[in-house]
Amino acid sequence: MTLVLSGADVRRLVPIAACIDSVEHAFLQHARGRSIPPAVVAAHVAHGGFHVKAAGLLDVVNGRPLFAAKINANFPANPDAHGLPTIQGVIALFDAADGRVLALLDSIEITSLRTAAATAVAAKYLAPPVATVAIIGCGAQSRYQLRALACVRPLARVTAIDLRADRASRFVRDVSAELGVDASVAPEPAAADRDTNVWITCTPARRWFLGREHVRAGSFVAAVGADNPDKQEIEPALMASGAVVADVLDQCERMGDLHHAIETGVMRRGDVRAELAGVVAGITPGRLSANETVIFDSTGTALQDAAAAALAFDRARASGAGLAIDLAGPLAAASVRRDAGVPA
């Protein structure tokens, strides 16, 4: 039987703190060679695109290996134009030992959780000890980002920046009530608090807006929005002046803000400080000094999807949540009997 989990199921089953722990463990396992390496396929269409991300983790649920494949549609204009989410999709979770389809999960909640969890893991190792935060882009992902960051760093103050002032104001109202943090709106990065030391960018921008003049020395920048080659949030010169940590270097080289820094000639692949997995495992250095600006290029990897989906699946089985279906059905059963030499 295959377990079907809705977004509501995932929300009930997976608190952000548990997801952070699972994602951190996935990066650790990847560094130790205990993963099925991540892969990406992308297709672009008018007003959006589709991407498939896949990876696996060994010894995840009861010592068995798991493989996850996510198909996401990403249409940034959806909320305003159609009243639909920007991201819609599904995750298929497989037993990597025998190929069984263990679960099908709505990808919206998993993607939101695991993206924010990766930022929190990076911040745990790379951010200053107390966070004065500026979040640029106040859509749905921004709330997950701040919740996750609050799990690993105390929040001194939050500045919300968005092209739409009403959206930034709603974000400030919501996070002030939920997290009890002092939050305010700024019209642009230059107007953020001068002591801002954590910047989180989660926008669909196609030209950079956060530059060297905005970011003080010693800051941590989580560049979250650039998940295809056409998107860009960070000035290439800022990338070149800081210590860059990639979630997956091959992927960031093709589609992250690193891609644009390399394309403009201010960086080379060899200039990247580390991958996050190496930092988590203690194999490669992360932050070297308090005055160093560290940039986490977060393009999103299926290692995160596999970790979050495995956590949801394990908790669903333990609690009886979700809907169990016979996905293969009687035709597959007949095929098995024929293959075994048994009349169907």
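**Figure 1. D98 is partly exposed, with 44% relative accessibility.** This and the other views show a predicted model. D98 gets its label because 44% falls between the cut-offs of 20% for buried and 50% for exposed. What does D98 pair with? D98 forms a salt bridge with R100. The closest N and O atoms of the two are 2.9 Å apart. R100 is also partly exposed, at 45% relative accessibility. The pair belongs to a wider network of salt bridges that links R64, D95, D98 and R100. Across the whole structure, a search finds 25 salt bridges.

**Figure 2. A salt bridge joins the side chains of E178 and R147.** Here the N-to-O distance is 2.7 Å. E178 sits in helix α6, residues 165-179, and R147 in helix α5, residues 140-152. The two residues are 31 apart along the chain, and the pair links distant parts of it. Are these residues buried or partly exposed? E178 has a relative accessible area of 43%, so it counts as partly exposed. R147 has 27% relative accessibility and is partly exposed too.

**Figure 3. Helices α5 and α6 pack with their axes 11 Å apart.** The angle between them is about 30 degrees. That makes α5 roughly parallel to α6, because angles under 35 degrees get this label. The crossing of α5 past α6 is right-handed. On the α5 side, S142, R143, L146 and R147 make the contact. On the α6 side, R170, F171, D174, V175, E178 and L179 take part. What kinds of residues meet here? The contact of α5 with α6 has 4 nonpolar, 1 polar and 5 charged residues. E178 and R147, the salt-bridge partners of the previous view, are both among the contact residues.

**Figure 4. E235 and R212 form a salt bridge between two loops.** The N-to-O distance in this pair is 3.9 Å. E235 lies in the loop between β13 (232-234) and α7 (236-241). R212 lies in the loop between β11 (206-210) and β12 (220-223). The pair therefore ties together parts that are 23 residues apart in sequence. Is E235 buried or exposed? E235 has 11% relative accessibility, so it counts as buried. The cut-off for that label is under 20%.

**Figure 5. Helices α2 and α11 cross at roughly 130 degrees.** Helix α2 covers residues 16-31, and helix α11 covers residues 302-319. Their axes come within 8 Å. The angle makes α2 oblique to α11. The crossing is right-handed. From α2, the contact residues are A18, C19, S22, V23, A26, F27 and H30. They meet L303, Q304, A307, A308, L311 and R315 of α11. How many of the residues in the contact of α2 with α11 are nonpolar? There are 9, alongside 3 polar and 1 charged.

**Figure 6. Helix α2 also packs against helix α4, residues 107-126.** The axes come within 8 Å and cross at roughly 70 degrees. An angle of 65 to 115 degrees counts as roughly perpendicular. So α2 and α4 are roughly perpendicular to each other. This crossing, too, is right-handed. I16, C19, I20, V23, E24 and F27 supply the α2 side of the contact. L113, R114, A116, A117, A118, A120, V121, K124 and Y125 supply the α4 side. The contact of α2 with α4 divides into 12 nonpolar, no polar and 3 charged residues. C19, V23 and F27 touch α4, and they appear in the contact with α11 as well.

**Figure 7. H47 has a positive phi, near 75 degrees, although it is not a glycine.** Where does H47 sit? H47 is in the loop between β2 (35-45) and β3 (48-61). At 70% relative accessibility, H47 counts as exposed.

**Figure 8. P187 lies in the loop between β9 (183-185) and β10 (198-201).** P187 has 67% relative accessibility, so it counts as exposed. The cut-off for that label is over 50%. How is P187 placed relative to V224? They are 37 residues apart along the chain, and their C-alpha atoms are separated by 20 Å.

Methods: Residues are numbered from 1 along each chain as its sequence is written. This is a predicted model: local features need pLDDT of at least 70, side-chain atom pairs count only at pLDDT 80 or more; totals for chains, interfaces and linings use all residues. Side-chain values use heavy atoms; hydrogens and water are left out. A salt bridge is a side-chain nitrogen of Lys or Arg within 4 Å of a carboxyl oxygen of Asp or Glu. Buried means under 20% relative accessible area, exposed over 50%, partly exposed in between (1.4 Å probe, protein chains only). Helices (H or I, at least four residues) and strands (E, at least two) are DSSP runs, numbered from the N terminus. Axes are lines fitted to C-alpha atoms, for helices over the stretch in contact, and angles run from 0 to 180 degrees between N-to-C directions. Angles under 35 degrees count as roughly parallel, over 145 as roughly antiparallel, 65 to 115 as roughly perpendicular and the rest as oblique. A crossing is left-handed if the near helix is turned anticlockwise from the far one by less than a right angle, and right-handed if clockwise. Contact means heavy atoms within 4.5 Å. Ala, Val, Leu, Ile, Met, Phe, Trp, Tyr, Cys and Pro count as nonpolar, Asp, Glu, Lys and Arg as charged, and the others, Gly among them, as polar.
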